[in-house]
Amino acid sequence: MPKLVVLTAQRLALGCLTLWAVSVVIFLGVTMLPGDVATEMLGQSATPETVAALRHSLGLDQPLLARYLSWLGATLSGDFGTSLANGRDISALIGTRFANTLFLAAVAAAISVPLSVGLGLMAALFPGSFFDRLVNAVALAAISFPEFFLAYILIVLLSMELGLLPSLSGFDANMSFGARLYQVLLPALTLTLVVMAHMMRMTRASILNVMGSPFIEMARLKGASPKRVIFRHALPNAWAPIINVVVLNLAYLIVGVVVVEVVFVYPGLGQLMVDSVQKRDIPVVQACSLLFAATYVILNLLADLLSILANPRLRHAR
């Protein structure tokens with residue numbers, strides 16, 4: 001257990017260092033965007049005096065390092081500032097949107113994780129069979145298409161042709177859980193097709209890799225059935241890479257939803273960030289980017305820790 005604590009502390013320190021580096025990249029990237037925020041807000045007809053006054057009120061006339069330290073200090077204290085577009089508090093603004101993104105990711109995970117692991121196990125039970133080749137072909141085809149292409153295909157098939165699901169995923173907080181689930185089902189299916197191939201193929205590869213071990217051969221010689229060999233002997237020894245790829249794909253479900261949210265006009269954090277970029281709402285763009293980065297780093301850390309817990313050999317030096 002002390003070894004696990006040390007490993008956790010090391011990964012936490014590395015995660016904090018990564019977040020700091022990401023904060024620098026986000027701040028510099030937003031700062032280097034072409035155009036001037038004050039001019040965009042006031043319009044081309046604004047006088048130089050008005051632009052200078054607005055730049056002073058926004059702190060844009062300060063040195064770059066002073067602006068970064070001020071923004072970083074306020075962010076660490078939980079103050080993301082105020083939106084330039086509507087004057088709302090950014091913490092409250094992104095809180096609702098982030099909750100919507102988490103709801104979409106949770107629905108997609110509830111569909112994709114059991115389906116991917118189940119298909120991977122069935123493909124490992126019958127390697128080289130027609131079912132194995134069919135599942136791999138469908139998975140490779142799904143992963144080869146970009147998210148927006150899959151989204152438009154599903155819209156045409158399930159919304160326009162069959163009329164089963166709405167093409168746009170608009171909802172509000174007053175909707176029931178069932179109504180919200182109905183609204184997000186189509187973007188959730190899109191995300192499922194995107195991430196399912198990774199998890200399914202890793203499950204299949206991990207199981208087949210363990211199946212070549214001597215203890216599996218011994219279990220077969222003792223007369224164990226194929227299903228017992230898979231679930232009792234092979235699966236417990238293949239959990240580490242499966243857990244790793246599942247958690248990393250869960251991180252993608254949260255961080256990589258920007259394109260899907262834009263296609264379905266879903267009121268999530270990705271849609272908010274795209275709208276803020278168009279409006280030149282710099283504080284909101286910085287807050288959304290940093291929140292996405294923090295979520296990915298945290299889930300990446302969780303994937304490492306779960307892999308270590310699932311495989312005791314990773315807790316000891318080789």
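These are my notebook entries on aromatic rings and a nonpolar surface patch in a predicted model.

**Entry 1: ring pairs.** I searched the whole structure for aromatic pairs and got five. I opened the one between Y68 and W71 first. Their ring centres are 6.2 Å apart and the planes make 45 degrees, a tilted arrangement. I then looked up where the two sit: both belong to helix 4, residues 64-76, with a spacing of three residues, about one turn of the helix. Are Y68 and W71 buried or exposed? Both turned out to be buried. Following the ring pairs onward, I found that F27 joins Y68 and W71 in a cluster.

**Entry 2: F145 and F149.** Next I checked another pair. The centres of F145 and F149 lie 5.0 Å apart with 40 degrees between the planes, so I noted this pair as tilted too. I also wanted their exposure. F145 has 38% relative accessibility, so it is partly exposed. F149 comes out at 36%, which means partly exposed as well.

**Entry 3: the patch.** Both phenylalanines, F145 and F149, reappear in a nonpolar surface patch, alongside F148, Y152, I153, V156, L157, M160 and V259. Together the patch residues have about 820 Å² of accessible area. Which helix gives the most to it? Helix 7, residues 147-161, does, with seven residues. I picked out I153, which is in helix 7. Its relative accessibility is 33%, so I153 is partly exposed, because buried would need under 20% and exposed over 50%.

**Entry 4: a charge over a ring.** Last, I looked at F103. R180 lies over the face of this ring, 4.6 Å from its centre.

Definitions and conventions:
Residues numbered from 1 in each chain as written. Predicted model: local features only at pLDDT ≥ 70, side-chain atom pairs only at ≥ 80, totals over all residues. Heavy atoms only, no water. Phe/Tyr/Trp six-rings, centres within 6.5 Å; stacked < 30°, edge-to-face > 60°. Helix = DSSP H or I, 4+ residues; strand = E, 2+ residues; numbered from the N terminus. Buried < 20%, exposed > 50% of the residue type's maximum accessible area, 1.4 Å probe, protein only. Lys NZ or Arg CZ within 6 Å of the ring centre and 35° of its normal. Patch = residues over 30% accessible without salt bridge, like charges linked within 9 Å, V, L, I, M, F, W, Y side chains within 5 Å. Areas by Shrake-Rupley, 256 points an atom, 1.4 Å probe, with all protein chains shown as cover. Salt bridge = Lys/Arg side-chain N within 4 Å of Asp/Glu carboxyl O.
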